Amino acid sequence: MTAIGLSAPAPAATTDLVYTCEVPILGAQDFTVSLDTDAPESVTPGADVTAAVTGSVTLNERTINGMVGLLGWAEAEGTTVSDLTNLTTPRTPVSATQATLPLTGGSVTLTGLAAGEHTIEAPDAFTSTFSGIKADGSAAGEFEIPCEYRSGTQVIDTITAEEAPVEDEPTEASPPSPSPPSPSPPRTTMTPPDLVTTSPVLSVRTSSRPTAGPSAPPRSSTAEPRSPAPPWPCSPPAVARVASTAEARHPDLTTGPDEEGVVPVGATPPSPSQGTLRDSGGHPLRPDEKGPRT
């Protein structure tokens, strides 16, 4: 009563089916059939599978009353034959409250399963043969009952053929790669401006004075820097004075270069750094004065 078919996937579960069976004397009666297998859920492609088939058949009330009440059955046993497998009903007590007969000993073999899903399905028809045994152990008759599928899900179990997942071998964890150093920010070199060293230029402003003697050669308005005069060891330097205009006109009035502090006409007067200019009377001269004070 079990068939094997390859069809669309369906959930695997114990299936309750309804079969219409022809019972002698009673006629067509509906029996409930439950079937199951121990087939694996999945296999590798190309595998062969042999699954045990088990189940039960439950007789309706009218049928069990006829067997027990009319024929005196205390027990029943028998076989169930389908297109692909045979099931056996061992010797089982029957009564008005016990109408379920077990179905055992069947098997289904599938060979070379291709990749995909394969289903085991209940048969469209089967024939059961049951024999009765009285309480004293004597035979009580035999019934052959052909049955045809009427309703319910025929798929009993589903087998999936697929490649087993390949497990990656554990590998040693490699140390983490060092992170590259962060780029340093660009460095800006501050170049100080060139130091410009200039020598101070000493400018001397001069003015020409009328003199009785020969004209002095022109002097440059720009003089080279001069080192300061060394300090006098004992006393300040003697103060020179410039001969007045009268002395320039009357050379005989002057005492000459031997006179202390008097600069003869035509001689280069001392620079301001050498002292204060004075007239023949010993008075200091201003820059704009040209002769002795009166």
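Along strand 2 (residues 15-23), which side chains point to one face and are buried, and which point to the other and are not? Select this strand to begin the tour; the model on screen is a predicted one.

**Stop 1: strand 2**

Show the side chains of residues 15-23. T15, L17, Y19, C21 and V23 point to one face and are buried. On the other face are D16, V18, T20 and E22, which are not buried. The general pattern is that side chains in a regular strand alternate between the two faces of the sheet.

**Stop 2: the partners of strand 2**

Add residues 27-37, which form strand 3. Strand 2 and strand 3 run antiparallel and are joined by nine bridges. To find a matching pair of positions, select L17 and then V33 in strand 3, which stands opposite L17. Next, go to the hairpin of these two strands, where three residues lie between them. Select I25 there: this residue takes a positive phi near 70°.

Now add strand 11, residues 139-151. Strand 11 is also antiparallel to strand 2, and four bridges join the two. Here C21 of strand 2 has C147 of strand 11 opposite.

**Stop 3: the nonpolar core**

Select Y19, F31, W73 and I145. These are the residues with the most contacts inside the largest nonpolar core, which has 38 residues. Several elements give two or more residues to this core, including strand 2, strand 3, strand 11 and helix 1 (61-70). Strand 5 (49-58), strand 8 (100-110), strand 10 (125-133) and strand 12 (155-161) do too. In soluble globular proteins, nonpolar side chains tend to be buried together.

Keep I145 selected and display what surrounds this residue. Apart from residues up to four places away in sequence, I145 touches C21, E22, V23 and P24, among others. The list of its contacts also includes F31, M67, F126 and F130.

**Stop 4: rings around Y19**

The structure holds three aromatic pairs. For one of them, select Y19 and F126: the ring centres are 4.8 Å apart and the planes are at 65°, so this pair is edge-to-face. Y19 belongs to strand 2 and F126 to strand 10, so the pair ties together parts that are 107 residues apart in sequence. Both residues are buried.

Then add Y149. Its ring centre is 5.9 Å from that of Y19, with the planes at 75°, so this pair too is edge-to-face. Because Y19 lies in strand 2 and Y149 in strand 11, the pair ties together parts that are 130 residues apart in sequence. Y19 has a relative accessible area of 0% and is buried, whereas Y149, at 29%, is partly exposed. With all three residues shown, the ring pairs link Y19, F126 and Y149 into a cluster.

**Stop 5: I133**

Move along strand 10 to I133. This residue counts as buried, at 8% relative accessibility. Select R91 as well: the two are 42 residues apart in sequence, yet 8.8 Å apart in space, C-alpha to C-alpha. R91 is one of the contacts of I133, along with G72, W73, A74, E75, E77, S138 and A140, when neighbours within four places in sequence are left aside.

**Stop 6: N86**

Finish at N86, in strand 7 (residues 86-93). Its relative accessibility is 46%, so N86 counts as partly exposed. Beyond the residues up to four places away in sequence, N86 touches T80, V81, G105 and G106. From N86 to G106 the C-alpha distance is 5.4 Å, with their positions 20 residues apart in sequence given as their separation.

Conventions. Residues are numbered from 1 along each chain as its sequence is written. This is a predicted model: local features need pLDDT of at least 70, side-chain atom pairs count only at pLDDT 80 or more; totals for chains, interfaces and linings use all residues. Side-chain values use heavy atoms; hydrogens and water are left out. Buried means under 20% relative accessible area, exposed over 50%, partly exposed in between (1.4 Å probe, protein chains only). Two strands pair if DSSP finds at least two bridges between them. A nonpolar core is a set of buried Ala, Val, Leu, Ile, Met, Phe, Trp, Tyr and Cys residues joined through side-chain atoms within 4.5 Å. Contact means heavy atoms within 4.5 Å. Rings of Phe, Tyr and Trp (its six-membered ring) pair if their centres lie within 6.5 Å; planes under 30 degrees apart count as stacked, over 60 as edge-to-face and the rest as tilted.
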